[in-house]
Amino acid sequence: MIKFENVSKSYKGEKFALEDINIDIKKGEFVFLVGSSGAGKSTFIKLLLKEESPTTGRIIINDIDTTELSRRKIPKLRRSMGVVFQDFRLLPNKTVYENIAFAMEITGNKAKDIRRKVPTILSMVGLSDKAKSYPSELSGGEQQRVGIARAIINNPALLIADEPTGNLDPKNATEIMKLLKDINNRGTTVLVATHAKDQVDKMMQRVIALDHGKLVRDVERGLYNDAK
Ligand SMILES: Nc1ncnc2c1ncn2[C@@H]1O[C@H](COP(=O)(O)OP(=O)(O)OP(=O)(O)O)[C@@H](O)[C@H]1O
């Protein structure tokens, strides 16, 4: 589903943010992308979303070479992915229900489908009783649940979470990771970029580690650091 072939990225001719990355992520996988600050995780995600293009190499998503993709096809590519952010990025003047409905409205869904689907997703993320609340009335963990609901409402093939537990305490972080794994168990491919060592170690999923732009480790059922 995602293939990086000899992908390198350098910004404005500086040293590599990513260097000669080769990765193959299959449909239905759950993958942690780990590495310290500046290792290249955000660059990796920007390349996936085609917010940046590789300096060299090819990125293939669902059999489409996105390096060759014309500008007008980028929105369709982005609709195949849902994104969850560390800082939630909810609309403060909309309720929980409206935040999620809005993601369906802007992609042209019918009102009838929105009315049917939003409550289902709210129940899946455990927020049925908060539909009428505003983001400022929610805990961090609840806000991130809304962020996840919004990211999956249009059934993306790939869910990308960029440091999704960075603003949460350990208990809420664990709950959010569980929810991401539930979503993965229903068939969505999930990529989680994170520093959260404890969470990664608990989950025992595939770990891809970057260090100074290089892929230094790619293990099935791995830990945040090398097991010694
Ligand atoms: N727009 C940019 N222009 C120039 N250099 C950049 C740009 N974005 C990132 N870089 C550089 O690329 C390298 C990788 O950065 P990146 O943001 O991908 O790391 P990261 O692993 O996501 O770090 P963090 O966890 O802090 O977000 C860093 O050296 C960074 O300074």
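Reader: Where does G166 lie, and why is it called partly exposed?

Author: In this predicted model, G166 sits in the loop between β7 (158–162) and α6 (170–185). Its relative accessibility is 40%. Buried would need a value under 20% and exposed one over 50%, so G166 counts as partly exposed.

Reader: How far apart are G166 and I183 in space?

Author: Their C-alpha atoms are separated by 19 Å, and the two residues are 17 residues apart along the chain.

Reader: What makes T174 a buried residue?

Author: T174 belongs to helix α6. Its relative accessibility is 19%, and the cut-off for buried is under 20%, so T174 counts as buried. Beyond the neighbours within four places in sequence, T174 is in contact with Q199 and K202.

Reader: Happy with that. Let's turn to confidence: how does the predictor rate the chain and the complex?

Author: The mean pLDDT of the chain is 95, and 99% of its residues reach 70 or more. For the complex, the predictor gives an ipTM of 0.92 and a pTM of 0.94. As a general reminder, where pLDDT is low, the predicted coordinates should not be read in detail.

Reader: Good to keep in mind. Which residues come nearest to the ligand?

Author: There are 13 residues around the ligand, and S37, G38, K41, S42 and T43 come nearest. Helix α1 (residues 41–48) gives the most to this shell, with three residues.

Reader: How do you know that S37, S42 and T43 make polar contacts with the ligand?

Author: By setting each distance against the cut-off, a pair of N or O atoms within 3.5 Å. An N or O atom in the side chain of S37 is 2.6 Å from an oxygen atom of the ligand. For S42, a polar side-chain atom lies 2.6 Å from a ligand oxygen. The side chain of T43 likewise has an N or O atom 2.6 Å from an oxygen of the ligand. With those distances, each of the three pairs meets the definition. As for cover, the ligand on its own has 630 Å² of accessible area, and the protein covers 65% of that.

Reader: Why is α1 called largely enclosed?

Author: Because six of its eight residues are buried, α1 is largely enclosed by the rest of the structure. The buried residues are K41, T43, F44, I45, L47 and L48.

Reader: What follows α1, and what is its phi?

Author: K50 follows α1, and its phi is positive, near 55°. K50 is not a glycine. In general, most residues other than glycine have a negative phi. The place of K50 is in the loop between α1 and β4 (56–61).

Reader: Is K50 buried or exposed, and how do you know?

Author: K50 has a relative accessibility of 12%. That value is under 20%, so K50 counts as buried.

Reader: And R221, what makes it exposed?

Author: R221 has a relative accessible area of 59%. Exposed means over 50%, so the label fits R221. R221 is found in the segment after β10 (214–219), and it has a positive phi of about 45° although it is not a glycine.

Reader: Now to strand β1. Why is K9 called buried?

Author: K9 lies in strand β1. Its relative accessible area is 8%, which is under 20%, so K9 is buried. Apart from residues within four places in sequence, K9 is in contact with several others, including F16, L18, T43, L47 and P54.

Reader: Which backbone oxygen lies 3.0 Å from the side chain of K9?

Author: The one of S53, which lies 3.0 Å from a polar atom of the K9 side chain. K9 and Y134, on the other hand, are 40 Å apart in space, C-alpha to C-alpha, and 125 residues apart in sequence.

Reader: What makes S10 buried?

Author: S10 is also found in strand β1 (residues 2–10). At 14% relative accessibility, S10 counts as buried. Not counting residues up to four places away in sequence, S10 touches K15, F16, A17 and T55.

Reader: Lastly, which members of the largest nonpolar core touch the most other members?

Author: Of its 40 residues, these are F32, I100, V118, L159, L180 and V192. A second, separate core has 28 residues, among them I25, F44, L49 and I208.

Technical notes: Residues are numbered from 1 along each chain as its sequence is written. This is a predicted model: local features need pLDDT of at least 70, side-chain atom pairs count only at pLDDT 80 or more; totals for chains, interfaces and linings use all residues. Side-chain values use heavy atoms; hydrogens and water are left out. A nonpolar core is a set of buried Ala, Val, Leu, Ile, Met, Phe, Trp, Tyr and Cys residues joined through side-chain atoms within 4.5 Å. Buried means under 20% relative accessible area, exposed over 50%, partly exposed in between (1.4 Å probe, protein chains only). pLDDT is the predictor's confidence in each residue, from 0 to 100. A residue is near a molecule or strand if one of its heavy atoms lies within 4 Å of it. A polar contact is a pair of N or O atoms within 3.5 Å; within protein, one must be able to donate a hydrogen and the other to accept it, and residues adjacent in sequence count only if both atoms are side-chain atoms. Accessible areas come from the Shrake-Rupley method with a 1.4 Å probe; for residues, only the protein chains shown count as cover. Helices (H or I, at least four residues) and strands (E, at least two) are DSSP runs, numbered from the N terminus. Contact means heavy atoms within 4.5 Å.
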